[in-house]
Structures are given as C-alpha cells and as structure tokens.
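Open the model in your viewer and keep a selection panel to hand. The tour below goes from one selection to the next and says what is found at each stop.

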Amino acid sequence: MAIKSIPNHQTTAHSPSTIEKIKKVPIGGKLSDVEKTFGSTYRRLHPDKPAPTVTRSGYRDFIHPYEDRMLTVRELACLQTFPLDWEFEGVRLDSYSSKRVTTMTQFGQVGNAVPPALSESIATAIYEQWFAEREEI
C-alpha cells in the first residue's frame with residue numbers, strides 16, 4: 001500500500017549561513033538571545049509550549065524544535081489548525097525579494113489566514129447568540 005504524500009510538506013534548502021544561525025538557537029530560544037539581530041526571526045519552537053503567532057513571513061520565523069531547519073508550509077498550517085489534507089496552491093517561495101512578483105505565496109496564505117478552529121468558535125458563538133435572542137422574543 002502506497003503512502004499518500006502530505007501536501008505542502010517540502011523542506012527548504014537552507015544556505016550554509018542560515019544553517020549556522022539555526023544551529024545556534026536552543027529549544028524554546030531565539031537567535032537574538034545568542035547574538036545581536038534585528039526582528040524576531042529564527043525562533044526555535046518548544047515542543048511543550050504554545051507557538052507564537054504565525055505570520056506571512058513564517059518561512060523565516062520558526063525553527064523546528066529538534067531538526068536544524070525552518071518549518072514547512074504544512075507544519076505552519078498545523079499550528080494554524082488547518083486539516084492535514086488542506087492544500088495550499090501557488091508558489092511556495094522560501095524568501096522574498098523586491099524583484100520577484102507574486103500575488104500570494106503558500107507561506108503568506110497560511111500566515112494571513114484566520115485559523116479554522118478560531119473561525120469555527122466564532123461562528124458557533126454567533127449562531128448560538130442569534131438563536132438565544134430569537135427565543136427571547
């Protein structure tokens with residue numbers, strides 16, 4: 001029996017300098033704890049703690065807790081509560097350049113999305129409130 005591949009779960013081919021930076025970051029830590037950096041990129045996730053907010057620049061934000069690599073689109077989508085069979089279309093694009101023209105990358109789609117579990121909770125609350133008000137009339 002063949003195993004169906006998981007959509008959007010391709011790892012990035014990191015440059016040697018990126019791998020160097022990644023290796024410096026301890027579990028649950030960030031690169032700025034180790035050396036002077038700008039921004040909040042290069043954060044290694046802690047397996048037992050909630051992840052920070054996923055943004056459209058997620059390809060450079062989160063390091064896998066145990067492997068020396070950034071998270072895949074699929075791993076970021078799991079943090080956002082997307083089901084495993086949900087497939088993001090378009091260009092994956094592991095880095096941004098002002099010379100590249102693309103409407104929305106897979107990383108951007110994940111980072112800009114409202115998490116499905118949050119959407120469901122909001123919709124349920126609105127639905128319940130709507131019918132509670134109707135019963136009072």
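A salt bridge here is a side-chain nitrogen of Lys or Arg within 4 Å of a carboxyl oxygen of Asp or Glu. By this rule the structure has five salt bridges. The model is predicted, so local features need pLDDT of at least 70 and side-chain atom pairs count only at pLDDT 80 or more, while totals for chains, interfaces and linings use all residues. Residues are numbered from 1 along each chain as its sequence is written, and side-chain values use heavy atoms, with hydrogens and water left out.

**Stop 1: Arg43 and Asp61**

Select Arg43 and Asp61, which form a salt bridge with their closest N and O atoms 4.0 Å apart. Arg43 lies in strand E1 (residues 43-44) and Asp61 in the loop between E1 and E2, 18 residues apart, so the pair links distant parts of the chain. Helices (H or I, at least four residues) and strands (E, at least two) are DSSP runs, numbered from the N terminus. Arg43 is buried at 18% relative accessible area, and Asp61 is buried at 4%. Buried means under 20% relative accessible area, exposed over 50%, and partly exposed in between (1.4 Å probe, protein chains only).

**Stop 2: Arg44 and Asp68**

Next, select Arg44 and Asp68, whose side chains meet in a salt bridge of 2.9 Å, N to O. This pair also links distant parts of the chain: Asp68 is in the loop between E2 and H3, Arg44 is in strand E1, and they are 24 residues apart. Arg44 is buried, with a relative accessibility of 6%, whereas Asp68 is partly exposed at 35%.

**Stop 3: Arg69**

Move to Arg69, in the loop between strand E2 (62-63) and helix H3 (73-79). Is Arg69 buried or exposed? At 11% relative accessible area, Arg69 is buried. Arg69 forms a salt bridge with Glu67, with the closest N and O atoms 2.6 Å apart. Glu67 is partly exposed, at 40%. Add Glu75 to the selection: salt bridges that share partners join Glu67, Arg69 and Glu75 into one network. To see the surroundings, show the contacts of Arg69 (heavy atoms within 4.5 Å). Not counting residues up to four places away in sequence, Arg69 touches Thr11, His14, Ile22, Phe62, Ile63, His64 and Glu75.

**Stop 4: the aromatic rings**

Rings of Phe, Tyr and Trp (its six-membered ring) pair if their centres lie within 6.5 Å; planes under 30 degrees apart count as stacked, over 60 as edge-to-face and the rest as tilted. The structure holds three aromatic pairs. Select Phe82 and Trp86 for a tilted pair, 5.8 Å centre to centre with 45° between the planes. Then select Phe82 with Phe88 for an edge-to-face pair, 5.0 Å centre to centre and 75° between the planes. Both Phe82 and Phe88 are buried, while Trp86 is partly exposed at 45%. Ring pairs link Phe82, Trp86 and Phe88 into a cluster.

**Stop 5: the nonpolar cores**

A nonpolar core is a set of buried Ala, Val, Leu, Ile, Met, Phe, Trp, Tyr and Cys residues joined through side-chain atoms within 4.5 Å. The largest has twelve residues, among them Leu45, Leu76, Phe82, Phe88 and Phe107. H3 and helix H4 (106-112) are the elements that give two or more residues to this core, and H3 supplies the largest share, three residues. Finish with the second, separate core of six residues, including Ile22, Tyr42, Ile63 and Met70.
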